[in-house]
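Hi everyone, thanks for making time for this. I'd like to walk you through one structure, so please have a look at the screen.

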Amino acid sequence: MNATREQRILVVDDELALRVLMQQYLTRLGYEVEACATGTEALERLRNEPQLYWLVLADIVMPEVSGPQLVLTLLRSNPKLCVLVCSGVPFPVSTLPPEYHGQVRYLAKPFAPQMLAAAVRELEEVARRGRSAES
């Protein structure tokens, strides 16, 4: 991916320690990473600029906005967005509308850093193929 916007990731998790660890690890891998603690905050960031991020990592169990509601709202605001659901609660991607299945993945907590990196790289390839198809 090219620098700047195409590498920008948003981490959404109400657990501070995990949010900070994911942000630091992904930054070390070369991504530009921002983080927020609630779904409401994530939606606010994307309200004015829905194309701001290529990937959102989101927990499912959070205050204010449920994870499934957050995922659907994010995907509807930016149909090119990829989402990695990182949660201890199972999230069957099949519950989403079929048009989103290819760009959403689920990673069960707890996970090793290498598992996170592999899931992000897989979605990076999905995003890259999506941009190539537009050209």
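Let's start with helix 1, which runs over residues 16-28. At 1.5 Å a residue, its 13 residues should span 18 Å, and the end C-alpha atoms are 18 Å apart, so expectation and model agree. And yes, "model" is the right word, as this is a predicted structure.

Which residues of helix 1 are buried? They are Leu18, Arg19, Met22 and Leu26. These buried residues cover an arc of only 100° around the axis, so they sit on the same side of helix 1. Turn to the other side of the helix and you find Leu16, Leu21 and Arg28 exposed. After helix 1 comes glycine 30, with a positive phi near 105°.

Now, what does helix 1 pack on? For that we need the sheet. It is an open sheet of five strands in the order 2-1-3-4-5, and the pairing is parallel. Strand 2 and strand 5 (104-108) are at the edges with a single partner strand each, so one side of each has no neighbour in the sheet. On average, neighbouring strands here are turned by 20° against each other, if you ignore direction. Helix 1 packs on this sheet, where it touches strand 1, strand 2 and strand 3, and its direction makes about 170° with that of strand 2.

Two of the strand pairs are worth zooming in on. Strand 1, residues 8-12, runs parallel to strand 2 and is joined to it by five bridges. If you want a spot to click on, valine 12 stands opposite cysteine 36 in strand 2. Strand 3 and strand 4 also run parallel, with four bridges between them. There, leucine 55 has cysteine 82 in strand 4 as its bridge partner.

Let's stay with strand 4 for a moment. How many of its residues are buried? Six of the six, so strand 4 is largely enclosed by the rest of the structure. Both of its faces are covered: Cys82, Leu84 and Cys86 are buried on one side, and Val83, Val85 and Ser87 are buried on the other.

Helix 3, residues 67-77, is part of this picture. It lies across strand 1, strand 3, strand 4 and strand 5, and runs at about 170° to strand 4. Its buried residues are Gly67, Leu70, Val71, Leu74 and Leu75. Looking down the axis of helix 3, you see these residues fall within an arc of 125°, so they line one face of the helix. Among the elements that cover them are helix 2 and strands 1, 3, 4 and 5.

Next, something for those of you who like aromatic rings. A pair of them is described by the distance of the centres and the angle of the planes. How many aromatic pairs does this model have? The count is one. The rings of tyrosine 31 and tryptophan 54 have centres 6.4 Å apart and planes at 40°, so the pair is classed as tilted. Tyrosine 31 is in the loop between helix 1 and strand 2 (32-36), while tryptophan 54 is in the loop between helix 2 (39-48) and strand 3 (55-58), so the pair ties together parts 23 residues apart in sequence. Both tyrosine 31 and tryptophan 54 are buried.

Let me finish with a few spots in the loops. Glycine 88 lies between strand 4 and strand 5. Is glycine 88 buried or exposed? It is exposed, with a relative accessible area of 55%. Leaving aside residues up to four places away in sequence, glycine 88 touches Tyr106 and Lys109. Its C-alpha atom is 18 Å from that of valine 120, which is 32 residues away along the chain.

Then, a backbone feature to look at: lysine 109 and proline 110 are joined by a cis peptide bond, with omega about -5°. Proline 110 belongs to the loop between strand 5 and helix 4 (113-134).

Last stop, glutamate 64, in the loop between strand 3 and helix 3. Its phi is near 80°, a positive value in a residue other than glycine. Glutamate 64 is exposed, and its relative accessible area is 59%.

That's my tour. Thanks for listening, and I'm happy to go back to any part of it.

Definitions and conventions
Residues are numbered from 1 along each chain as its sequence is written. This is a predicted model: local features need pLDDT of at least 70, side-chain atom pairs count only at pLDDT 80 or more; totals for chains, interfaces and linings use all residues. Side-chain values use heavy atoms; hydrogens and water are left out. The expected span of a helix is 1.5 Å times one less than its number of residues. Buried means under 20% relative accessible area, exposed over 50%, partly exposed in between (1.4 Å probe, protein chains only). The arc is that of the directions from the helix axis to the C-beta atoms. Rings of Phe, Tyr and Trp (its six-membered ring) pair if their centres lie within 6.5 Å; planes under 30 degrees apart count as stacked, over 60 as edge-to-face and the rest as tilted. Two strands pair if DSSP finds at least two bridges between them. Axes are lines fitted to C-alpha atoms, for helices over the stretch in contact, and angles run from 0 to 180 degrees between N-to-C directions. Contact means heavy atoms within 4.5 Å.
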